[in-house]
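Colleague: Could you take me through the metal site in this one? I'd like a close look at that single part, with enough of the surroundings to place it.

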Amino acid sequence: MAVLEILEFPDSRLRTEAKPITEVTADTRALIDDMLETMYAAPGIGLAATQVNVHQRLLVMDISDDKSAPQVFINPQITILDPEQGEYDEGCLSVPGFYETVSRPREVEVSALDRNGEPFTCRLDGLAAICLQHEVDHLNGKLFVDYLSTLKRQRIRKKLEKDQRQRA
Ligand code: QAP
Ligand code: CO
């Protein structure tokens, strides 16, 4: 297991559209374990493969308080069940230090493959529904800052570019 490097906004690699996983293999499971370790180390509640520069349709989540409920979604397909939008102050491991309000559908159904390649479907609401939609956006090259005004997004970009220069 390993903690992987997380790409940070405005890295253009975060704009890559991820490709479906055609076969769930031991390599896929090793990547899942590394992504969970990376997410827990951060700490975070969700991580998409895109964020660790792997452009495959895979994401991990754990919204429990004690890291006790890891969830894995391979090739996730979302159906909106309740189009009524809810607001939440979202953050992102690729946009460290910033939290902004985003509106999304409150309830979704997701079909995906699990870590053994078995298909499953579940309904999600609350934080789980928000987090899943946020992570699926990553697989499509989209970030939560894309929902903000240009002014807010540019402020965030400038601050992160400065942080990144200072670290380099
Ligand atoms: C996505 O985000 C999410 O800025 C997961 O300095 C977040 O795990 C979905 C994090 C909120 C729905 C609601 C962010 C850690 C973690 C930071 C995360 C930071 C350290 C973000
Ligand atoms: Co994110």
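Here is the site, followed by the protein around it.

Modeller: Sure. This is a predicted model, where local features need pLDDT of at least 70, side-chain atom pairs count only at pLDDT 80 or more, and totals for chains, interfaces and linings use all residues. Residues are numbered from 1 along each chain as its sequence is written, chains are lettered from A and ligands numbered from 1 in the order in which they are written, and side-chain values use heavy atoms, leaving out hydrogens and water.

The cobalt ion (ligand 2) gets its protein donors from Cys-92 (SG), His-134 (NE2) and His-138 (NE2), which lie 2.1 to 2.2 Å from it. Donors here are N, O and S atoms within 2.8 Å of the metal (3.2 Å for Na, K and Ca), and water is not among the atoms, so sites may look incomplete. Along the chain, the donor spacing reads C-x41-H-x3-H.

His-134 and His-138 both sit in helix H2 (residues 126–139), and being 4 residues apart they are separated by about one helical turn. Both His-134 and His-138 are buried, meaning under 20% relative accessible area with a 1.4 Å probe, protein chains only. Across the protein, buried residues are 41% of the 168.

As for the surroundings, the protein has 3 helices and 5 strands, counted as DSSP runs (H or I, at least four residues, for helices; E, at least two, for strands) and numbered from the N terminus. Their order along the sequence is α-β-β-β-β-β-α-α. The C-alpha trace spans about 45 × 40 × 30 Å along its principal axes.

Methods: Buried < 20%, exposed > 50% of the residue type's maximum accessible area, 1.4 Å probe, protein only.
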